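This briefing introduces the structure shown below. It is arranged by topic for a reader who has not met the structure before.

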Amino acid sequence: MSTKKAVATTVADDTTGKKSMPKKTVTSKKTEQTAVPVAQMSALDGFGKFTPYDEKAGEEYMNAPQSEHFRQILLAWRQELMEEVDRTVHHMQDEAANFPDPNDRATQESEFSMELRTRDRERKLLKKIDEALEALERGEYGFCESCGVEIGIRRLEARPTATLCIDCKTLDEIREKQRG
Ligand SMILES: [Zn+2]
């Protein structure tokens with residue numbers, strides 16, 4: 001109540017007492033709170049823009065249409081990731097300004113090291129996508145590298161760079177944990 005009164009009096013001084021002014025102050029506060037930028041989904045987290053493959057009964061695994069389906073997913077994902085890498089590079093070039101304030105410099109440095117880590121992850125993912133595309137060319141895509149079983153369309157759609165079936169992947173993760 002006391003703050004509202006204070007606002008009202010300052011407004012009254014400025015604009016000969018219009019009652020709508022304090023209301024506006026309240027709404028602008030609300031928009032400030034919701035204007036926090038929503039984290040965008042990164043191409044690093046996966047590729048989501050595709051229609052799930054409609055598998056017909058008795059269809060041969062990794063036949064031509066299926067291979068093409070995953071080629072398209074991998075190529076589109078690769079493209080999106082490359083664009084993201086471009087944006088990161090440009091952002092870093094744009095931001096590479098001289099900040100006289102040491103605090104600004106520190107913030108900038110930590111932002112840069114975060115972006116460098118992101119670029120590292122992007123590079124690794126690009127390599128995986130390329131390897132998946134190569135496996136597709138060889139006709140080896142979609143089969144478990146460890147036991148040779150079919151990885152499966154749904155798992156591949158969720159994780160187009162998967163090289164292990166879910167069983168071998170689970171086993172792999174258990175071994176990883178045991179190694180510490
Ligand atoms: Zn396997």
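**Briefing on the predicted model**

Methionine 62 sits in the loop that runs between helix H2 (20–34) and H3. The structure is a predicted model, and the points below describe its helices, its nonpolar core, several individual residues and the confidence of the prediction. The protein chain contains 6 helices and 0 strands.

**Overall architecture**

- From the N terminus on, the order of elements in the protein chain is α-α-α-α-α-α.
- Of the 180 residues in the protein chain, 11% are buried.
- Among contacts in the protein chain with a separation of 6 or more, 58% join residues that are 24 or more positions apart.

**Confidence of the prediction**

- The average pLDDT of the protein chain is 79, and 74% of the residues score at least 70.
- Over residues 1–39, pLDDT stays under 50. For this stretch the model has 9 contacts beyond four places in sequence.
- Where pLDDT is low, the predicted coordinates should not be read in detail.

**The loop between H2 and H3**

- Methionine 62 has a phi near 55°, which is a positive value in a residue other than glycine.
- Methionine 62 counts as buried because it has 20 C-beta neighbours inside 10 Å, and 20 or more is the cut-off for a buried residue.
- Glutamate 55 also belongs to the loop between H2 and H3. With 13 other C-beta atoms within 10 Å, glutamate 55 is partly exposed.
- Glutamate 55 and proline 65 are separated by 10 residues in sequence, and their C-alpha atoms are 9.8 Å apart in space.
- Glycine 46 is another residue found in the loop between H2 and H3. Glycine 46 has 14 C-beta neighbours inside 10 Å and therefore counts as partly exposed.
- Although glycine 46 and alanine 158 are 112 residues apart in sequence, the distance between them is 8.0 Å, C-alpha to C-alpha.

**The nonpolar core and helix H3**

- The largest nonpolar core has 16 residues, of which Phe70, Ile73, Leu74 and Trp77 touch the most other members.
- Helix H3 (64–95) and H4 each supply at least two residues of this core. H3 gives the most to the core, with 5 residues.
- In soluble globular proteins, nonpolar side chains tend to be buried together.
- Leaving aside residues up to four places away in sequence, isoleucine 73 touches Phe47, Phe50 and Pro160.
- Methionine 92 is located in helix H3. Because methionine 92 has 15 C-beta neighbours inside 10 Å, this residue counts as partly exposed.
- When residues up to four places away in sequence are not counted, methionine 92 touches Phe112 and Glu115.
- Methionine 92 and phenylalanine 112 lie 20 residues apart in sequence, with 7.2 Å between their C-alpha atoms.

**Helix H4**

- Helix H4 covers residues 102–138, which is 37 residues. At 1.5 Å a residue, H4 should span 54 Å, and this agrees with the 54 Å between its end C-alpha atoms.
- The number of buried residues among the 37 of H4 is 2, so this helix lies largely in the open.
- Glycine 139 comes just after H4 and takes a positive phi of about 75°.

**Helix H6**

- The 14 residues of helix H6 are residues 166–179. Taken at 1.5 Å a residue, H6 should span 20 Å, and its end C-alpha atoms are indeed 20 Å apart.
- H6 is hardly covered, since the count of buried residues among its 14 residues is 0.
- Lysine 169 has its place in helix H6. With 17 other C-beta atoms within 10 Å, lysine 169 is partly exposed.
- Lysine 169 and cysteine 144 are 25 residues apart in sequence and 9.3 Å apart in space, taken from C-alpha to C-alpha.
- Glycine 180 follows H6 and has a positive phi, near 75°.

Key:
Residues numbered from 1 in each chain as written. Predicted model: local features only at pLDDT ≥ 70, side-chain atom pairs only at ≥ 80, totals over all residues. Helix = DSSP H or I, 4+ residues; strand = E, 2+ residues; numbered from the N terminus. Buried ≥ 20, exposed ≤ 12 C-beta atoms within 10 Å, placed from the backbone. Contact = placed C-beta atoms within 7 Å. Expected span 1.5 Å × (residues − 1). Core = buried A, V, L, I, M, F, W, Y, C linked by C-beta atoms within 7 Å. pLDDT = per-residue confidence, 0-100.
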